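Hi,

Here is the structure I promised to pass on. Have a look at it first, and then read my notes below.

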Amino acid sequence: MGHVGFGEATSSVRGVGLLYDDRMCKHQTPDGDPHPENPDRIKVIWNKLLSNNIPQRCEVLTAKEAEDKHLLAVHSGNHVNLIRNISSKKFDSRRESIASTLNSIYLNEGSSEAAYLAAGSVVEVAERVAKGELKSAAAIVRPPGHHAEHDEAMGFCLFNNVAVATSVLLDEKPELGIKKILIVDWDVHHGNGTQKMFWKDPRVLFFSVHRHEFGNFYPGNDDGSYNMVGEGPGAGFNINVPWENGRCGDADYFAVWDHILIPVAKEFEPDMIIVSAGFDAAVGDPLGGCRVTPYGYSMMLKKLMDFAQGKIVLALEGGYNLDSIANSFLGCMEVLFEDKPISGSSEAYPFESSWRVIQAVRKELSAYWPILADELPSKLTMQKALPPQLLISSSDSEGEEKGHNIVSGSLTAAVQEVMEPLLKLKLEDTEGSTSSAAWRTELSKIQIWYATFGSNMWTPRFLCYIKGGQVDGMRKPCAGSRDKNSPREIIWKAFPHRLFFGRDSTKTWGAGGVAFLHPESGVDDITYMCLYRITLEQFNDVLLQENILSNEMKTPAFDLAALDTIENERTISLDLLKRGWYHNVVYLGKEKDFPILTMTCSLSDIEKFKYGKVPLRPPSREYANTLIKGLVEGRQLSKQEAAAYIEKASSKPL
């Protein structure tokens, strides 16, 4: 079955458009393995709409494949050629290996057609709305698009569907009179691809609200930070609202709409709005871990209907809980008809962390949008929900909530597999690299001192990184190293570096700051450090676990070339681990002719701590007690002296 026609809408002269084509279901995993981004996502939406008589009230549009000239306006020639040809027979033997080099991508014989249809369909509905033939429209498309960059498919996305449509309206169809477009990306993941494509373009106001966790949530970098505001003529036209935690729900999103998006939209006065409509921030989504309800999505869309004379296009992005995605899409379609009030309610208040993010975004953008310059009244921001960590169930499953755990067993298993590339960097062999076994054999012969200044000063805690497991206070177990041999020697030394504590929370320790070492030395600073003599192979496994919670790596993050270089460079920031907070390896000298290495944040991160873009915070009691145990059992300080040492490091400004 392809396009299904229902004829012209009868409810109004300019009706609501709807596009669905099950040819986009041909894109699926090569072996039929379960995967969150699967054909059922669009099937359940279509079936839900059918059962509620939505298509019968719409003008159902015919899907069209994108034109190469439109794709090439936002993607490179190499990328377009790859996606155009990847499903052909000549790629049969190479298709899976090509997919394995990309970040969170699968490819099969139906991928090319689906990708062209997804991009072309968003162009089709956008053009029809821009022409005034329809008052609004929605495109039920897959694969999604907002992660796809100029020259790279990633995050389940092949072409950037919304960016292609935006470019067509602004650059190819000036006669339609669309001169300014507001892109609202409410997918739970940051729309990194869309952001980059309009980074310097003041005709496009790109707005993304997403789970970020200081760069620890997919796509796992700083692109989604609130200080990424655009560049040159586009400065101020890129707005990111980066949640610090999961569990955000209707109240958090409504606060963002009321205190950031709506005021700016009034000033921007868009001619059209395109929504990157991902529904993975919905209640029960296995990848998102947030709590937006269908009522929440309906209200967010309703608030946007006041702009651009209601010229709004919805383009499906993510969303992996089949019930939530279907119900949320249905709620949005009913809003487009504007013929009945929205029913529902939501929790009363946003999280404290959400207010903090909203205020930070307003401050950052106030230079470009003076309407954001005023401080929000404390009477408003004092209205807050319990901290999110107090709402997490004993199973610690952020994606499940009582009454909404409706993900099948096979899909749950698939989600666990897919979460690895989604929640951490993908570490694949590069062309010409040695195998995992080869580099491990080589680096297992090299010994270094790993100098620890945080919880790893306590040996039982450090051994979790070597042997696996967890100690009291830790919320997550460690995988351990491939080489589970204990350190060959343990010594203590003091170094002239500044110890401090920062961040709101971590997955390992929960709420509170964690220890960082200033990469540069200072004459008035002193930090006690426990040194473990381990192999360079073990050091790589510790690096990986400190940064992305895994010990699976096919190439080393810190190899022999880095070891040769660091004595002169003194510090090396590791590209493979950039999304982690301890990706900066610092050389501290030698002991018994073995190099002393530690890991900490980068100097750019120091600036974020210094100017409050990432908070300086004292450690939690559990984390502080672990440091105290290390210092006391290492015979460096008494318990009282250790507590005072941590208190001083926590309170002294950078």
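**Helix α8 and its neighbours**

Helix α8 passes α11 in a right-handed crossing. Bear in mind as you read that this is a predicted model. The axes of α8 and α11, the latter being residues 352-365, come within 10 Å and cross at roughly 20°. The two helices are therefore roughly parallel to each other, as angles under 35 degrees count as such. On the α8 side, Asp252, Ala255, Val256, His259 and Ile260 make the contact, and they meet Ser354, Trp355, Ile358, Val361 and Arg362 in α11. Sorted by class, that contact of α8 with α11 has six nonpolar, two polar and two charged residues.

One residue to click on here is isoleucine 260, which sits in helix α8. Is isoleucine 260 buried or exposed? Its relative accessibility is 0%, so isoleucine 260 counts as buried. What does isoleucine 260 touch, leaving out residues up to four places away in sequence? The list is Phe207, Ile239, Val241, Ala255, Ile358, Val361, Arg362 and Leu372. Of these, Ile239 is 21 residues away along the chain, with 9.0 Å between the C-alpha atoms of isoleucine 260 and isoleucine 239.

Helix α8 (residues 250-268) also has α9 (residues 294-304) as a partner: their axes come within 9 Å and cross at roughly 10°. That makes α8 roughly parallel to α9. In this contact Asp250, Tyr253, Phe254, Trp257, Asp258, Leu261 and Ile262 of α8 meet Tyr295, Gly296, Met299, Met300, Lys303 and Leu304 of α9. By class, the contact of α8 with α9 comes to nine nonpolar, one polar and three charged residues.

Helix α9 itself is mostly covered, with eight of its eleven residues buried. Those buried residues are Tyr295, Gly296, Tyr297, Ser298, Met299, Met300, Leu301 and Leu304. What do they pack against? Besides α8, the partners are the strands β4 (181-185), β7 (272-277) and β8 (312-316), and helix α10 (322-337).

**The nonpolar cores**

In soluble globular proteins, nonpolar side chains tend to be buried together. In this model, the largest nonpolar core has 130 residues, and Ile140, Trp186, Phe207, Trp257 and Met333 touch the most other members. Which helix gives the largest share of this core? That is α5 (residues 111-131), with twelve residues.

Isoleucine 140 is a good place to start looking at the packing. Not counting residues up to four places away in sequence, isoleucine 140 touches Leu18, Leu19, Tyr20, Met24, Ile42, Ile45, Trp46, Leu49, Leu316 and Phe329. Apart from the largest core lies another one, of 71 residues, which includes Trp458, Met474, Ile548 and Ile596.

**A buried pair: Arg95 and Asn108**

Two buried residues that are not in the nonpolar classes also caught my eye. Arginine 95 lies in helix α4, while asparagine 108 is found in the loop between α4 (95-100) and α5. With 5% relative accessibility, arginine 95 counts as buried, because the cut-off is under 20%. Asparagine 108 is at 6% relative accessibility, so it counts as buried too.

Leaving out residues up to four places away in sequence, arginine 95 touches Ile86, Ser87, Ser88, Leu107, Asn108 and Glu109. On the same basis, asparagine 108 touches Lys26, His27, Gln28, Pro30, Ser87 and Arg95. Arg95 and Asn108 are thus on each other's lists, and Ser87 appears on both.

**Towards the C-terminal end**

Helix α19 (residues 621-633) and helix α20 (residues 639-651) have axes that come within 9 Å and cross at roughly 130°. That makes α19 oblique to α20, and their crossing is right-handed. Ala624, Leu627, Ile628, Leu631 and Val632 of α19 make the contact with Lys639, Ala642, Ala643, Tyr645 and Ile646 of α20. By class, the residues of this contact are nine nonpolar, no polar and one charged.

**The chain overall**

The secondary structure comes to 20 helices and 18 strands. Of the 654 residues in the chain, 60% are buried. Among contacts in the chain with a separation of 6 or more, 76% are between residues 24 or more positions apart.

Shout if anything is unclear.

Terms used. Residues numbered from 1 in each chain as written. Predicted model: local features only at pLDDT ≥ 70, side-chain atom pairs only at ≥ 80, totals over all residues. Heavy atoms only, no water. Axes fitted to C-alpha atoms, helices over the stretch in contact; angles between N-to-C directions. Helix = DSSP H or I, 4+ residues; strand = E, 2+ residues; numbered from the N terminus. Parallel < 35°, antiparallel > 145°, perpendicular 65-115°, else oblique. Contact = heavy atoms within 4.5 Å. Buried < 20%, exposed > 50% of the residue type's maximum accessible area, 1.4 Å probe, protein only. Left-handed = near helix turned anticlockwise from the far one by under 90°. Core = buried A, V, L, I, M, F, W, Y, C linked by side-chain atoms within 4.5 Å.
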